[in-house]
Each structure stands twice: as structure tokens, then as C-alpha cells.
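Visitor: I have a structure to look at and a few questions. Can we go through it together?
Guide: Go ahead and put it up.

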Amino acid sequence: MKKRVLLFAITGLLAAGVLTGCGSIDENDVVATVGEKEITADVANFFARYTQAQYETYYSGYLGDDMWNTDASEGETYEEFVKDSVLNELEKMIVLEEHMGDYDVSLTEEEKAVIEKSAKAFDEANTLESKEKISGSRKTVKRVLTLMAVQKKMAEAIEAEADTEVSDDEAAQKSMQYVLFPYKTTDDSGKSSDLSDEEKAEAKKKAGSFAESAGTAEDFSALATEQGVEAQTATFDSESTSPAEDVVKAADALGEGEVTGVIETDSGCYVAKVTSLLDREATDSKKESIVQERKTKLYNDTCDKWIKKAGVKVNKGVWRKVDFNDLSVTIKQSSEEPYSDGAKTDDQAE
């Protein structure tokens, strides 16, 4: 039988959410060591359950009741994928805490008070039985919240050192208008079907006629409307794949105001017009994206370097005891009425 336990929300740093969640685990066991620091089973179990709760709450509707045995990628189930991610995050948290002095990072008294208050609120809102299932003692919750707070502050400090200068040339985004003459049709129920060979030939003929007229038309969109089709807009660079790779490749070779010929793809025939060689809004947005990519890379590279230097040893036997199939953990929505005893436990067949 699979146990399900509903617990009330942790406030503060753990955001809104109630954990629900049998596994027997010795909380003093060590799941992994990072350098000289130990990741104890209570910390690993609670953080794993916190992560599990998010997946079961927001993705079980798509992945089904047996989500943890569903393949996340070839040869890896969702349970394996999420547990690997959890352990990796915990390793990062440990090395980040160890290197706080490198960045003059510390938790303020106010932040410590929030952590204390959150751990206390969680402790008082849930039954002992429920907390034991997810290693949710006040001490453990406080430790996990502290690690999460340190991780956030350290990430900000590390990312602050990333290069934020991005030139227009590096981020340049062009813009186009395009029309698709599709090779599929969709009925009122939303069901799509392929056109016949004759109908495809007719669609291609219409695209050719449109392309010829678009070369001299002042208003690409107005011409499309006149011919019973709709012009769409897109911003792009040489690495873009939308609306279609062949369309991007053709448009990228043109100057402003120039029109492609008919570009045939599996989905239909495209005709596009380049409307700008430097779309200001899209280029500025791309700059922000590039800067964020740099920050993320610097953060991950820094953590990976520290973890590699420290060395990691995982006790797979202990970590295996954290089993997502034996314990259901979900987030209780705030609209639900709390149970009088702070928890509800029911048996659920696997």
C-alpha cells in the first residue's frame, strides 16, 4: 500500500505549499559527503520530498499516477532524473555554503528570523507522524531553508561578476513578415488532414503568384489580406528555427525590404519579406537573454569547479531508501480547508 499524507504549508522561503507524503530511513545516515561536509539523510529526504511535491502537484496530471516509473529520457525514469537533480542541488548548496567567505556573503539577522519563523510554522502546523515521513523536524526544515537561502544569495553574488556588455552585432535580431500556404486543413473539431496532391499543387501555385506580387507591393500584409491569406510576423537571427529553418535561411540572406521566393516545406509553402535588419526591441531582449546565459554558465561552472575540487562520495544504499513510489508527496492548494488534526492519512493502492 502507498501512503499519502497531507501536510500544511511552509511559509516564507519555501513559498506557498503543503507537502503530502512511507519509507523507513535513519535520518543520521549519510547520503553523501562533499569534501569534509556530510549530507545527512534527513536533509536529503526533506529536500527530495519538497521537490517531489512540486512534480506530483503540477505534472502528475500530464504524466499519470505512475509518473515516477515513466521515462524522462532514454534509460532514465522521472524518479531517477529528479533524484539526480536533487542530489546535484544539495552538492551545490554545500559548496556554496563553504565558499560564502569568498564573496563576503552572510545571512542577515532578519533572514535568519524568517527561516526560524518558517520552520516553527511548519513544525506547529503538522502532526508528528506526517513530519516523520518526510524528515520534517523543525531542525531539518531550518537546515534546508538555510541552505536554500545561502544558495540564492551566493548565486546572486557569483552572477554579479558575469560580463553584461553585449553589442548590437552579437545580439542582432532581424524581423520579417511571412505568409504560409499550408498543406494541411483543419476542421471545426480541430482535426487536421493533409491536402491531396492536386490541392498541394494549387497551394504552391497561389504561393508563386503571391511571391511575384509581393516583390513590388508596398504593403505585404495588405496584399496578403487581399489574396485571402494572413501575414504573420517573426524576429530571427541565423540560428532561429521559426517559422521554419529554410525560411530563416532564405530571409537571412536578404536585405531590408526584399522578398523571398516560394519556400516549400513539409507543412506548406512560405513567402517572406525582411522588414528590418535590426529589430530594436527583439535585439534588446536577446541581449538580456545572452547576459542571463552568461550568468547561469558562470554560476554552474563555479559550482562544478568547487564540487570537483572537494570530491563527492555517494552512499547509494542510503539514497535508494528515498523512494518516490512508496510515498506520495503533493502541495496542498490554499483553497482547501485544513483538517482539524493538521494532517490526513489514507491508504492508497499502488
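Visitor: Is Thr-235 buried, exposed or partly exposed?
Guide: This is a predicted model, and in it Thr-235 has a relative accessible area of 40%. Thr-235 counts as partly exposed because that value lies between the 20% and 50% cut-offs.

Visitor: Where is Thr-235 found?
Guide: Thr-235 is part of strand S10, which covers residues 232-236.

Visitor: What does Thr-235 touch, leaving out residues up to four places away in sequence?
Guide: Lys-174, Ser-175, Ser-240, Asp-279 and Ala-282. Take Lys-174: along the chain, Lys-174 and Thr-235 are 61 residues apart, yet their C-alpha atoms are separated by 5.4 Å.

Visitor: What is the strand order in the open sheet with S10?
Guide: The order is S10-S7-S12-S11, four strands with antiparallel pairing. S10 and strand S11 (263-265) each have a single partner strand, so they stand at the edges and one side of each has no neighbour in the sheet. On average, neighbouring strands here are turned by 40° against each other, direction ignored.

Visitor: How many bridges join S7 to S10?
Guide: Five, between S10 and strand S7 (residues 174-182), and the two run antiparallel. Within that pair, Gln-177 stands opposite Thr-233.

Visitor: New topic. Which strands form the three-strand open sheet?
Guide: S4, S3 and S13, in the order S4-S3-S13, with antiparallel pairing. Strand S4 (37-40) and strand S13 (312-314) are the edge strands, each with a single partner, so one side of each is left without a neighbour in the sheet. The twist from one strand to the next averages 20°.

Visitor: What lies between S3 and S4?
Guide: Two residues, and the strands form a hairpin. Gly-35 in the turn has a positive phi of about 65°. Four bridges join the two strands. Thr-33 stands opposite Glu-38, and Val-34 stands opposite Lys-37.

Visitor: And how many bridges for S3 and S13?
Guide: Three, again in the antiparallel sense. Ala-32 stands opposite Val-314 there.

Visitor: Now the inside. Which residues touch the most other members of the largest nonpolar core?
Guide: Val-31, Phe-47, Leu-90 and Trp-319, out of 52 residues in that core. Among the elements that give two or more residues to the core are strand S3 (30-34), helix H1 (41-58), helix H3 (78-98) and helix H6 (138-159). H6 gives the largest share, 11 residues.

Visitor: Why would nonpolar side chains be together in there?
Guide: As a general tendency, nonpolar side chains in soluble globular proteins are buried together.

Visitor: What is Val-31 in contact with, apart from neighbours within four places in sequence?
Guide: The list includes Ile-39, Ala-44, Leu-87, Val-314 and Trp-319.

Visitor: How many residues are in the other core?
Guide: There are 15, and that core lies apart from the largest one. Val-179, Phe-181, Ala-211 and Leu-223 are among its residues.

Visitor: Last thing, cysteines. How many disulfides does the structure hold?
Guide: Zero.

Visitor: Are Cys-269 and Cys-303 buried or exposed?
Guide: Cys-269 is buried because its relative accessibility is 0%. Cys-303 is buried too, with a relative accessibility of 0%.

Terms used. Residues are numbered from 1 along each chain as its sequence is written. This is a predicted model: local features need pLDDT of at least 70, side-chain atom pairs count only at pLDDT 80 or more; totals for chains, interfaces and linings use all residues. Side-chain values use heavy atoms; hydrogens and water are left out. A nonpolar core is a set of buried Ala, Val, Leu, Ile, Met, Phe, Trp, Tyr and Cys residues joined through side-chain atoms within 4.5 Å. Buried means under 20% relative accessible area, exposed over 50%, partly exposed in between (1.4 Å probe, protein chains only). Contact means heavy atoms within 4.5 Å. Two strands pair if DSSP finds at least two bridges between them. Axes are lines fitted to C-alpha atoms, for helices over the stretch in contact, and angles run from 0 to 180 degrees between N-to-C directions. A disulfide is a pair of cysteine sulfur atoms within 2.5 Å.
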